[in-house]
Structures are given as structure tokens and as C-alpha cells.
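Work through three short exercises on the structure below. Try each task before reading its solution.

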Amino acid sequence: REMAEESVFRNLLEILMSASSEIEQACKGSCELVDLDTCLLLIAECFRCLRNACVECAKNQHVMRNLGLISTSVHLIKLLNGIQIKEELLLTALRCSLQFLGNIAAGNGDSQNSIWKCAFPDLFLKCLTYSDEKIVAYCCMVLFTCLNSEKVRELLDPGNLPVVLHVLKVYREQLESEWSFLIVTDHLLKCPVLVKALYAKLSNQERVTLLELIMVEVSQNNPVTSEEMNVFMRHADFIASCFQEKCEAVLKLTSAADAEDEEALVTIRLLDVLCEMTSKNRQLEHLQALPGLLETAIDTLRLTHLAGKQAVNIFTATHAMTGQEEISHPAVGFKSHLIRLIGNLCYKNKENQDKV
């Protein structure tokens, strides 16, 4: 790897360019690509070689980038994406090509910028929606490796927001994909404006997923910088305003027909996050001072308690319940969580204690 000369990579570049033009001609219908299998096998082997040559070798990364291997590879990946057959050789070629992009970008800012310039957002959108799990995972790896705070702001553009939506979808559908998890926790959640824009576009199920990811971040006890603290405060403001706006949705759960109402489930999740946030000193004072949050919590507690008295439902005091089916209901504990939130908001805060 260390001894590889530029001529090796130049030869590989020529093979990939030749393969590109053959596939391009075949796609235009001007000629049949007689031996597609051999072509795909050759492409996969080239990318395997390039992928391996990049590992912990900045010199090779630099040489490949200067030769134009990144733009050639991105162009070829787009062509491969357009091939309709889904055979194993095609999948292997695509997987190896994305692994190469991930490896040439690893620890190399110049390569990351080159990939971003060539591949964002088109290539990411295509590969994130591909039917092969490995291709999706490798695409997430490349995206994660290329992202930084400056590039995260580009995701705010309405045309680029679908990339974020697909990442969240990947996380929901492929829970073992650590790359999609890391994209959200290490990059997206660091940008409150993006979280707000994303939340507005999500379905209720997806909102529950996003709130669970926020919960993971809030629950950590790591020391935080003042910049991270500022991000948490802005998340707290947004989640509190969502809760205040939607809190009465939970009353739909009084009806058995609405037992799985998704808007109500979002409200339950919002309350869980607020309980966790107000259990942390660093966010407690900020939330204690938010106008209307305490009043909303008390009003909601009053309404749910009243709803439980008017008929036997999920908010009825436990001794009136029959059967086991209610125990697993997501609203079980909703009133106790409201009381926890009210208690937290009153902690060492005479003004709030007097209000209660």
C-alpha cells in the first residue's frame, strides 16, 4: 500500500473510465454491452483495490483525488444506479464503490469536500432509497464521514431536506444501521433549526422516532460545552412549545377506538422528553422560566383526571380497571409523568410553587 506508485492508480482510473463509457453507450441504446458481467466484475475489483489502498494512507488518498478518481467514481456510481437489473455482480460493484468513497474521505477534509461537491444531494438520495441494505448502510457511512457543521446547514435547503428524511427512515427501518443513528445524534441534533424544519415534515410515527433519539441525547450525563448547552436550550424551547400546542391530543385516548392514536403518542413522547430535561440541572432553570409550560401541565392533569372520572377509560384510577390489556397502554403513567413534570418545575422555585 505504502509503495504503490501513481501509475497503478492511473491504470485503474483508465479501466473505470473505459467501463463508464461502455455502460453509457449501452444505456443510450446505441449498442448492447455484450459482456456486462465481466464489466461489473472488473469495476468491483478496481474499487476493491482503490478501497484497500486508501486505508490509513493519506498519500494514496491525495494521489487518487488529484487524478480525478472521485468525480469518475461518482459518475460511474450514478450510471450503475441506472441499471435496472438487480443482480449480485451489480450490487457488489456498487457496494465496493461506496466503500471506496468512505475510505478516501476518512480523515481527509479535501476528499470529503470533493465528494460533497460531486455527490450531494443526488447520489445520496439515490443510494439512500436503494433496495439493498448494505448499499444504504455504506451510503450512510459516506454521508456521516463527509458531514460537518457547515454542510449540515446546507441540509436546511428545502431541496436537500429529503436527504435528512431518508436518513431518519433508514434508522426506523434498519435499526442495526449505526451510521444513520450517528448522522442524527452527532450532526442533525446539533442544529436546532434543522430539527424544527424536519419535525414539520415528519409523520407522527417519525416524530416519535425523532423524539426517542432526542431522549437518548438528553439522558446522557456527559459534561457539555456552553455551545452544546445553547443547543439543548433551543431544543427545550421547541419541545415545550410542541407540547403546549398538542397536549390535549392525549384526551383522544379515552376512547378505545383511538387507543393507538399517533398524535396522542407524540404528545406522550414530548412529555417524556420534558420530564427528562427538567431532571437535569443544566436545563431545569430554563424550562422553569418558560411562560405557560407549568400552566399547561396543570391544565392537562386536570383534564385527564376529569376524563378518567367521567367514564372508565385509560385515565381512570387504577383500582377501577379490569383485565390486563391496559397495563401495556402507552398512556399508562401519563398522569404520573405530568405530576413529575410539575414537581420538577417547582423544584427550588418559589414562584412556581406559589402558582401551583
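The exercises cover cysteines, one loop residue and one helix.

This is a predicted model, where local features need pLDDT of at least 70, side-chain atom pairs count only at pLDDT 80 or more, and totals for chains, interfaces and linings use all residues. Residues are numbered from 1 along each chain as its sequence is written, and side-chain values use heavy atoms, with hydrogens and water left out.

**Exercise 1.** Find how many disulfides the whole structure holds.

Step 1. Apply the cut-off: a pair of cysteine sulfur atoms within 2.5 Å. Step 2. Search the whole structure: the result is zero disulfides. Step 3. Check cysteine 57: the nearest cysteine sulfur belongs to cysteine 54, 8.1 Å away. Step 4. Check cysteine 247: the nearest cysteine sulfur, from cysteine 242, is 12 Å away.

**Exercise 2.** Place asparagine 160 and list its surroundings.

Step 1. Asparagine 160 sits in the loop between α9 (149-154) and α10 (161-173); helices are DSSP runs of H or I, at least four residues, numbered from the N terminus. Step 2. Its relative accessibility is 12%, so it counts as buried (under 20% relative accessible area, 1.4 Å probe, protein chains only). Step 3. A polar atom of its side chain lies 2.9 Å from the backbone oxygen of glutamate 154. Step 4. Beyond neighbours within four places in sequence, asparagine 160 contacts (heavy atoms within 4.5 Å) Phe120, Pro121, Glu154 and Leu155.

**Exercise 3.** Explain why the buried residues of α16 line one face.

Step 1. In α16 (residues 281-288), Gln283, Leu284, Leu287 and Gln288 are buried. Step 2. Down the axis, these buried residues fall within an arc of 135 degrees, so they line one face of the helix. The arc uses directions from the helix axis to the C-beta atoms. Step 3. Their cover includes α13 (204-219) and α14 (226-246).

Key: Helices (H or I, at least four residues) and strands (E, at least two) are DSSP runs, numbered from the N terminus. Buried means under 20% relative accessible area, exposed over 50%, partly exposed in between (1.4 Å probe, protein chains only). A polar contact is a pair of N or O atoms within 3.5 Å; within protein, one must be able to donate a hydrogen and the other to accept it, and residues adjacent in sequence count only if both atoms are side-chain atoms.
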